[in-house]
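Reader: Before I rely on any label for a cysteine or a charged pair, I would like to hear the reasoning behind it. Could you take me through some of them?

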Amino acid sequence: MYTKTKNVQYLIALMKAHNVRHVVLSPGGRNIPINHCLEQDDFFTCYSVVDERSAAYFAIGLSQQLGNEIVGICCTSSVAASNYTPGITEAFYLRVPLLVITADRNPNMLEQMENQMINQVDMFRNFCKKCVNLPVVKDDDDAWACQRMINEALLEVKHHGDGPVQVNIPIPKDLGIFTEPKLPEVKVIRRLDYMRDMDKWKEMAGKLKKASRIMVVCGEHIPPQRKELDDMIRFAKKYNCVIATEHISNVECEGALNIFGAAEVMPFKSFDEYLPEIVISVGGNFVSRIKDLLIGKHGQFEHWSVDEGGRVCDMFKSLTAIFECTSADFFAYFANEASAMMANDRKYYDKWAEARVKAEFPDFPFSNSYAIKALAKKIPARSLMHLGILNSTRIMQQCDVAEGVTAYSNIGAFGIDGSMSTFVGQSVIAADKLCFLVIGDLSFFYDMNALQIRHLGKNVRIMLINNSGAAEFHYFIGEKVIPTLNQHIAAEHFTSAQGWVESKNFRYYSAKTTDELDSVLDEFINPSADRPAFLEVFTDKKYDADSLKEHCFKLRQPNTAAPIKSKMKSALGNIISGAGGKKN
């Protein structure tokens, strides 16, 4: 029988899944649930060493004679764990693969004079390749995090060289209760090296060949080289897939489809019809709501991550395999593995293409959505485009842009600071093309000193959406929930950029209506201008948020929202009635 303590159950089950067979056990109270589960399971060979100092060195000897096989060591809490330090240090510098399991007490009692309790979190960080501190499992989210962390630790023991890892495992209670007849089902994550695990790669190719719904999610990506694009096209022609992109994916090829708009408005209950069997993620982060849709169906599909560093990133809570290689190597291999007779039946691609058409971005009244869509239609082919995070990125993703426009956004850490500085750096290297920045007012004023960078050139075009605060918080919270939203959350202000911009030798334009915007766009974009250009578009943050939110939720919940134009006219009165409203 096994312990009823969940994090211990997951640890034992995943040790078995990763073939950790040999474990050195030291006596104690807090590690009773671990020790007993290990000693009564015939899968494990257990060794008893009372002194933890000796136990760690003893495990080094075992591992070396087993051919550098992973060996576990397990102790109780407090100074027992401290006594592992010399042996772990030796193992680190000898590059011996040890799984160091330190039992711990209730984390809420740390520094509260709890008996036999010290801070064990990361206590070996200088001498371990990875340290994880498991949660006490109380719900499904804890269960997912716990299993992910154990997989991370076990995968790291022999990743790019051997060495010790620490798993600190709090066990608040139930030390002597063993009522579970079997271990639970656990999610095992495998890392597949491009050169060493080719048998596994062939096995995965077999899965792809049988799948009828494959989604390749392309996150933020530097524009790929021609060879990689050609291999992506070959992959898309052979397997039943859709290559799901955003502008910041910078992937334009046969089989690629920008599904941002479709995902943004898709009801959760409708997503079952579009659910993939296998999701393959490449590139960096992405902003599409497809992430939320997939998380809502976690465990109902396999997620394969393509990551050159082999990092564990379980963004959909469904990760099963990490392909440690470049995306170029991944597509080349699987394209070559496809047989000559294989062909994408296009059913899955066509289903998403149809959803994309249904979610077409509408013609808004004057707003940030109107301004960004109007600019999108004007940006010349092969320009560079940088998008401020949140609304600027969210809205532009739903607008078509010309062929070859490369797109960027600082969505690595999703901070509002630095967008303009990053853009200016890009514009200096891309001096042979027009470079566009779409940015919100708080982000602009945060980074306004970027306009002082002396290398800034006449190819720069900046559109500032100035809605006097953070429309984002009106989008997902609103004043009905927090009446004082504008004061300290949306940070309302009434500042214009004009004086600062003109002092930095920009040609300045502004617009407060559709007519004004339409009348200046061509001159703003003019590639023959003798200096950089700046367009400040003044909109209303609440209206910006409400109009965009209505578009999304009207399609997520049909027949529940009033038509955009009528509702917005009543909200803003004269501002809307005086606007001309250019159509796509």
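Author: What follows sets some computed values of this predicted model against the cut-offs behind the labels.

Reader: How do you know that Cys 218 is not bonded to Cys 253?

Author: A disulfide needs two cysteine sulfur atoms within 2.5 Å, and the sulfur of Cys 218 has its closest cysteine sulfur, that of Cys 253, at 7.7 Å, which is too far for a bond. Cys 435 is in no disulfide either, the nearest cysteine sulfur being that of Cys 399, 19 Å away. The structure as a whole holds 0 disulfides.

Reader: What makes Cys 218 count as buried or exposed?

Author: Buried means under 20% relative accessible area, and Cys 218, at 2%, therefore counts as buried. Cys 435, at 0%, is likewise buried.

Reader: Why is the contact between Lys 237 and Glu 254 called a salt bridge?

Author: The cut-off is a side-chain nitrogen within 4 Å of a carboxyl oxygen, and the N to O distance between Lys 237 and Glu 254 is 3.8 Å, so the pair qualifies. Because Lys 237 lies in helix α8 and Glu 254 in the loop between β11 and β12, the pair ties together parts that are 17 residues apart in sequence.

Reader: What makes Asp 193 and Arg 196 a salt bridge, and how is each residue classed by accessibility?

Author: Their closest N and O atoms are 3.9 Å apart, which falls within the 4 Å limit. Asp 193, at 16%, is buried, whereas Arg 196, at 61%, is exposed, since exposed means over 50%.

Technical notes:
Residues numbered from 1 in each chain as written. Predicted model: local features only at pLDDT ≥ 70, side-chain atom pairs only at ≥ 80, totals over all residues. Heavy atoms only, no water. Buried < 20%, exposed > 50% of the residue type's maximum accessible area, 1.4 Å probe, protein only. Helix = DSSP H or I, 4+ residues; strand = E, 2+ residues; numbered from the N terminus.
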